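Hi,

Here is the structure I said I'd pass on to you. Have a look at it first, then read my notes underneath.

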Amino acid sequence: MSAHASHAPAPKRSGLWDWLTTVDHKKIAILYLIAGGIFFLAGGFEALLIRLQLMYPESQVVGAGLFNELITMHGTTMIFLAVMPVIFALMNAVVPLQIGARDVAFPFVNALGFWLFFFGGLLLNTSWFLGGAPDAGWTSYTTLALNQYSGRGVDFYVLGLQIAGLGTLIGGINFLVTIINMRAPGMTFMRMPMFTWASFVTSGLILFAFPAITVGLVLLMFDRLFGGNFFNPDAGGNVIIWEHLFWIFGHPEVYILILPAFGIISEVVSTFSKKRLFGYSSMVFATALIGFLGFMVWAHHMFTTGLGAIANTLFGLATMLIAVPTGIKIFNWLLTMWGGQITFPTANLWAVGFIPTFTIGGMTGVMLAVPPADYQYHDSYFVVAHFHYVIVGGLVSGLFAGLYYWWPKMFGKMLNEKLGKWNFWTFFIGFHLTFFPQHFLGLMGMPRRVYTFLKGQDLDVGNFISTIGVFGMTIGTILFLVNVVVSAKGKRAVADPWDGRTLEWTIPSPPPEYNFAQTPLVRGLDAFWIEKMAGNKGMTPAEPLGDIHMPSPSFLPFLMSVGLFIAGYGFMYHNYVVVVIGLLVTFGCMFARSVKDDPGYHIHEDEIEEKGVKA
Amino acid sequence: MKGWQQFWRQLSLFGLLALVLTGCGKDELSALKPSGPVAAMQYDLMKLSSAIMIGVFIVVMLIFTYVLIRYRKRPGQQGIPKQVEGNHALEILWTVIPFLLLIVMAVPTVTTGFALHEEYPKEEALQVKVTAHQFWWEFEYPDLGVATAQDLVLPVGKKVQFHLTSADVMHAFWIPALGGKIDTNPGQENKMWLQADKTGIFYGKCAELCGASHALMDFKVEVMDQAAFDKWIDGMKGVQSKDPAVATSPGAAQGQEIFNKSCLGCHAVAGKGGKLGPNLTNFADRERVAGILEHTPENVAKWLKDPQKEKTGNNMPNLNLDDAQVKALVEYMSTLSVK
Ligand SMILES: [Cu+2]
């Protein structure tokens, strides 16, 4: 804490201005949630159109060209702009609280990460109005993604993802530093809650995986905007390099997504079974191992590329290995419930529903790891079914579990249980109805990414059922939104609505801006549960009550991101004046940030007590 | 909470659905109905791996159901459950068993994997060069001096060694009933072998997103006995070593005149013509028009009138032909046969 930090009270900011300048991790969590939620609705709407087009053979709901834009945007939006930010929302809302910290390590950078993601996503989506969305698939394989074969849309993909990806990268670094440095006294690594562990490993994966796509996108940008020939075979380029770069990022990305879901399930299942997590240390070990192996297996997305028998076999066997730590997790969850007193509020419904669904996704994953069989599955609807089982049935279920579980903590309101149950069942049944038949469609010869299928190929029934299922998921999603609206007028949440086990439940819902009036002393895994069992009301403080130093809000993260947003258009339209203006804004803000001393401010000791939020 | 009951009811429904669906699948198209050794080996691996996986799933579901029934909180239940840290024996058990199961899968994975990547020289296998184009397929038999498109003709019971590449973007060559797919990469050559053990027609697909009409990049495989195949090759060779035959009927002659003027630059017929579009030497013998439309004079006319309407973004322009020209062309094209 710098000695010359000002003792002036917090600059009071209100309304929109407060949200645009906030560096508070709890508010940034809400920003991530809102932005991710909006993109989720956009991606979901795209999915609805896709399935409507495929409801009947040879139908013409959307044309061939528009269909390819829809699948590209659906995939890109869901992965980069919907589930990633919702994961970041939960990480922001929960991780600092779980480790007993007052904020993340770099609050300013945290805000910057959010705004970069937001403006990157916005740039990508403006393509719909500026000559068409990207249409080369979310993987944007070259050469289809080169100028000769696809439209301007792919430029939006390149620049939008580049900007959003920067945001994710610095977000990941921020959480690594936060978890390493900001844990409360006594919170050793092996006492960290599972969700924090998962966030930690995920952040590590982000750190190593995102640079690969950054490099890939730079090369693609040169090919598309400046006449480079990295991927152009006519000029001596190589089309396969993009595939490698994409999947060296893309495969760890799968684990970046699913590990936090594993973390959420571990927390929720344990809380609602009233038992500590079974095999905590093997869970930690499995998480780390999955993260490590996640980098060794990217070429299993490329079995049909023609890498040869040796490469395919090795990558296939390495992939199978991941089943072992994943299996450990599933059995540990089952044994956590074994002998417990299981209750089923909506949060736990999602978590319990996750287990069979994810198991199916994991099993088809092992099947896909057998290269000779994969030659049949690859790029067919079997793969579509597999990854939706993992990402929707697994990750999205996990996120819903997390949202129902932590909603009271984030917003101070309880979500409605009755609506929640309807939300779960409609979504869950709709999900299986949509994706289960797709396994068979793939085996029956339906390639993925086809805008239509011809009559007389016995593909009609499966596709029809699949589309019907989407209505269930749509209703489920709408019910969730209704629940959010209803909850605003609903029950106030108490500090610890679920009889929780971890530190976030020791402070009010929602927490005050400084989180913990006094940093808690952690005495073991499930820190709060230990105190409860010892008959204590709350945590033992690790420090005397005193002034709390807070970072000041700043508009610079927003401006820096706007600068890159503007520069992005400049690059695309080869208007270098705009590029220079945009970059000047960004670098100007960076300069201002570097030279201006920002000491933050203090919250006074008596102010803390006044609010009556002593831990 | 009746959740788990509902869940099981629903799961059995899916089981039923699965049965219904597996029964289906078209013989000509489905990977579940293998018609050659490659597809059969792959099908065996699918069965092995899914059997193991379903076994694991059943174990998981048994524990899952038991736990949900037995350990849900009962009304009035008091006290706090025992906080169990873990159990080394169990944890080792569920690390080791999956590992052993994986080894069971790994062995055939390795052997089949290498068997499928075998390369056969021309003494042992028919060599076929495949070039993928947006959105059609070109097939050449380099050792036999024959070229065709859209319909791949193969002899039954004989290994075929494919050499695959692409003229534009990446595509993937897939005949599910005969075997898995492989990408066609521009600027590179991939190899794969297949064999058909049944005569008849099989459906082929492009499996890699390749542009607007990726969904319509279908082709057909016509498998015939060796004698018929040899006869077909002789027929093709006979025609392709000469200039196009002069059409005899007046309608066809008029069509040929238009064809020579407007179409020959892209399409080859017999020993003459360009390579920007499919070789049409045996067009009248083909299963489909452009890989997708049923082969009728009406559909040929429909294609010629507006190819973009039938296949968005394909490389054949709309040539603004009037009805009389189309009629003449259709008549001429019905003479392009080697049978
Ligand atoms: Cu294709």
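Chain B is assigned two domains: domain 1 (24-66 + 88-225) and domain 2 (250-333). Keep in mind that this is a predicted model. The C-alpha centres of these two domains of chain B are 32 Å apart. Where they touch, domain 1 of chain B puts in 18 residues and domain 2 of chain B puts in 19 residues.

Next, the inside. The largest nonpolar core has 289 residues, and A:Met337, B:Leu152, B:Phe162, B:Phe173, B:Trp232 and B:Leu304 have the most contacts inside it. Helix α3 (residues 64-98) of chain A gives the most to this core, with 20 residues. Both domains of chain B take part too, each with at least three residues. If you want one residue to click on, try B:Leu152: among the residues it touches are B:Val128, B:Phe139, B:Tyr141, B:Phe162 and B:Phe173.

Now the outside. A nonpolar surface patch of about 610 Å² is made by A:Leu321 together with B:Ile92, B:Val96, B:Phe99, B:Leu100, B:Ile103 and B:Val107. Helix α3 (residues 88-116) of chain B supplies the largest share of that patch, 6 residues. One of the patch residues, B:Ile103, is partly exposed, because its relative accessible area of 43% falls between the 20% and 50% cut-offs.

B:Gly187 is worth a look as well. You'll find it in the loop between β7 (179-184) and β8 (190-194) of chain B, and it is exposed, at 68% relative accessible area. Leaving out neighbours within four places in sequence, B:Gly187 is in contact with A:Pro233, B:Thr165 and B:Ser166.

Last, the salt bridges: there are 22 over all chains. Here are three of them.

- A:Asp18 and A:Lys27 meet at 2.9 Å, N to O. A:Asp18 counts as buried at 16% relative accessibility, while A:Lys27 is partly exposed at 26%.
- B:Lys191 pairs with B:Glu119, with the closest N and O atoms 3.8 Å apart. B:Lys191 is in strand β8 and B:Glu119 in the loop between α3 and β1 (126-133) of chain B, so this pair ties together parts that are 72 residues apart in sequence.
- B:Lys275 pairs with B:Glu140, with the closest N and O atoms 3.6 Å apart. These two residues are 135 residues apart along the chain. B:Lys275 is exposed at 53% relative accessibility, whereas B:Glu140 is buried at 19%.

There is also a network: salt bridges with shared partners join A:Lys274, A:Asp496, A:Asp499 and A:Lys532.

Cheers

Terms used
Residues are numbered from 1 along each chain as its sequence is written. Chains are lettered from A and ligands numbered from 1 in the order in which they are written. This is a predicted model: local features need pLDDT of at least 70, side-chain atom pairs count only at pLDDT 80 or more; totals for chains, interfaces and linings use all residues. Side-chain values use heavy atoms; hydrogens and water are left out. Patches are made of residues with over 30% relative accessible area and no salt bridge: like charges are joined within 9 Å, nonpolar side chains (Val, Leu, Ile, Met, Phe, Trp, Tyr) within 5 Å. Accessible areas come from the Shrake-Rupley method with a 1.4 Å probe; for residues, only the protein chains shown count as cover. A salt bridge is a side-chain nitrogen of Lys or Arg within 4 Å of a carboxyl oxygen of Asp or Glu. Helices (H or I, at least four residues) and strands (E, at least two) are DSSP runs, numbered from the N terminus. Buried means under 20% relative accessible area, exposed over 50%, partly exposed in between (1.4 Å probe, protein chains only). A nonpolar core is a set of buried Ala, Val, Leu, Ile, Met, Phe, Trp, Tyr and Cys residues joined through side-chain atoms within 4.5 Å. Domain bounds come from an automatic or database domain assignment. Contact means heavy atoms within 4.5 Å.
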